Amino acid sequence: MPPLLNASGCLDALAAPDVARSLDAFVTKTVTPLPRDGNAPVRIAEIDCGMLNTIGLANPGLDDFVCDTLPRLLELGVPVWVSVGGFRAGDYAESCARLDDEGVEAIELNVSCPNVESPVEATEEIVAAARAATAKPLFTKLSPQLPDVAAVALAAARAGTDGLSLVNTLRGLALDPRTLAPVLSTATGGVSGPVLRPVALAAVHACYAATGLPIVGMGGVETGRHALDLIAAGASACALGTILFRDPDAPARVRAELARTAFRLGLEDPLAARGLAHREAEMPLPSETKIPAKVD
Ligand SMILES: Cc1cc2nc3c(=O)[nH]c(=O)nc-3n(C[C@H](O)[C@H](O)[C@H](O)COP(=O)(O)O)c2cc1C
C-alpha cells in the first residue's frame, strides 16, 4: 500500500491529532528561518472547483518551531516530515542543518515559487545547499506552473534530492460577485483542489519519466481512484490536501477505496500500478483482468 500523507499546510496535527495519526506521515506547514505573519485577511476563498489561498508562508520561524512545535508533533507517534521554505539557498541550508539532529523522518523543500526567473539553476542551487546540510531524506516540492517541470525535477535529482513532491498550487484569482473586487487580500492566490487533478497527473507523469525518483503525488485527490491515477502516472505515495478541510476522515476512506479500486483492476497492491500509465498502449494490465466498462 502506498504511504498516504497530508499536503503541507492542509492539516494542523496538534489541533487534529487523530487525523494526523490516520496518515503514514505528517507533513508540517512550511517553516522559514525567521517568523512570518503571512498575508492580511482575506486569505482563503472557496471557488467552483476547489480553493484559493494566500497564506503567505505564515509560520513561527525555525527557532520556535524546533523548540516548541516539533517536540509536540513528535509525541504524536506519527513520522514527521518538515516542509522548509525560504528566499535564498542559504535559508534552506540553515533549516536543514538545524533539523539534521532532530527526530524528523524527511525534509520537504518547498521550492515552489513560480516567479523564479531561472528555475532550473535556482532549484539546483537550493537542493545542493540543502543536501550539503543534512543526511535526512530530501523531497523537493515543485510548482505545476513551471514551463518545464521535468527539467527542474532533473536539476533537483542532479543536486541530490531523494524524491519529489508534486504539485503545489497554481496561481488564480476570484472576484466578489457583487463588487467585482478580488476576494483575497493579495488579489491572486494559490488554487488547489479538483481543478489541479489533471495538472498534477501531467507533472507526475513527466517527472517520473524524466527521473524515476520516488514521488509524493498530490493535487485534488479526493478518492481512491484519484490516488490510483497518480500512482499509475508514477507516484509512489500520495498526499491529501484540500479534501481534509471538508472530510477529515478522508485518509481511511481513500485508503480503502484505493485498495478496492486496484483490486478490481486485478492489482494485488495499489503500488503495482506504479508507472502503468507509461506502458505501451496495447499492453494489458498485469492481471489481464477484463476491465469493466465503468469502474469507480
Ligand atoms: C490553505 C493551504 C495552505 C497551504 N500551505 C502550504 C505550505 O505551507 N507549503 C506548501 O508547500 N504547500 C502548501 N499548500 C499546498 C498544498 O500542500 C498542496 O500542494 C496543494 O494544495 C495541492 O493539493 P490539494 O489540491 O490536494 O490541496 C497549501 C495549500 C492550502 C490549500
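Leu180 is found in the loop between S9 and S10. The model is predicted. In this predicted model Leu180 has a phi near 60°, a positive value in a residue other than glycine. The strands on either side of that loop, S9 and S10, run antiparallel and are joined by four bridges. From here the briefing moves to the sheets, a helix, the ligand shell and some unusual backbone spots.

**The loop between S9 and S10**

- Leu180 is exposed, because 7 other C-beta atoms lie within 10 Å and exposure means 12 or fewer.
- Ala187 also has its place in the loop between S9 and S10.
- The phi of Ala187 is near 65°, again a positive value in a residue other than glycine.
- Ala187 is exposed because it has 12 other C-beta atoms within 10 Å, and the cut-off for exposed is 12 or fewer.
- Most residues other than glycine have a negative phi.

**The four-stranded sheet**

- Four strands form an open sheet with antiparallel pairing, in the order S3-S4-S10-S9.
- Its edge strands are S3 (44-47) and S9 (170-173), and each pairs on one side only.
- From one strand to the next, the twist averages 40°.
- S3 and S4 pair in the antiparallel sense over four bridges.
- A hairpin of two residues links S3 to S4.
- Across that pair, Ile44 stands opposite Asn53 in S4.
- S4 (residues 50-53) and S10 (residues 188-192) run antiparallel, joined by three bridges.
- Met51 has Ser192 in S10 as its bridge partner.
- Ser192 appears again at the ligand, as one of the closest residues to it.
- On the other side of S10, Leu173 has Thr188 as its bridge partner.
- S10 is mostly covered, with four of its five residues buried.

**The eight-stranded sheet**

- Eight strands make an open sheet with parallel pairing.
- Their order is S1-S12-S11-S8-S7-S6-S5-S2.
- The edge strands are S1 (4-6) and S2 (26-27), each pairing on one side only.
- Within this sheet, S6 (residues 106-110) and S7 (residues 138-142) pair in the parallel sense over four bridges.
- Glu108 stands opposite Phe139 in S7.
- In a regular strand the side chains alternate between the two faces of the sheet.

**Helix H6 and its neighbours**

- Helix H6 covers residues 197-211, 15 residues in total.
- H6 reaches 21 Å from its first C-alpha to its last, close to the 21 Å expected at 1.5 Å a residue.
- Buried residues in H6 are Ala200, Leu201, Ala203, Val204, His205, Cys207, Tyr208 and Thr211.
- The buried residues of H6 pack against two helices, H5 (149-158) and H7 (224-233).
- They also pack against two strands, S8 (163-166) and S11 (215-217).
- Both of those strands belong to the eight-stranded sheet.
- Just after H6, Gly212 takes a positive phi of about 65°.

**Asp229 in helix H7**

- Asp229 is found in helix H7, one of the elements that the buried residues of H6 pack against.
- Is Asp229 buried or exposed? Asp229 is buried, because 23 other C-beta atoms lie within 10 Å and burial takes 20 or more.
- Asp229 and Arg274 are 45 residues apart along the chain, and their C-alpha atoms are separated by 9.1 Å.

**The ligand shell**

- The ligand is surrounded by 26 residues.
- The closest are Ala7, Gly9, Ser192, Gly241 and Thr242.
- By class, the shell has nine nonpolar, 15 polar and two charged residues.

**Cis peptide bonds**

- Most peptide bonds are trans.
- The bond from Pro41 to Val42 is cis, with omega near 5°.
- Val42 is found in the loop between S2 and S3.
- A cis peptide bond also joins Leu166 and Val167, where omega is about 15°.
- Val167 has its place in the loop between S8 and S9.

Note on methods: Residues are numbered from 1 along each chain as its sequence is written. This is a predicted model: local features need pLDDT of at least 70, side-chain atom pairs count only at pLDDT 80 or more; totals for chains, interfaces and linings use all residues. Two strands pair if DSSP finds at least two bridges between them. A residue is near a molecule or strand if its C-beta atom, placed from the backbone, lies within 6 Å of it. Ala, Val, Leu, Ile, Met, Phe, Trp, Tyr, Cys and Pro count as nonpolar, Asp, Glu, Lys and Arg as charged, and the others, Gly among them, as polar. Axes are lines fitted to C-alpha atoms, for helices over the stretch in contact, and angles run from 0 to 180 degrees between N-to-C directions. The expected span of a helix is 1.5 Å times one less than its number of residues. Two residues are in contact if their C-beta atoms, placed from the backbone, lie within 7 Å.
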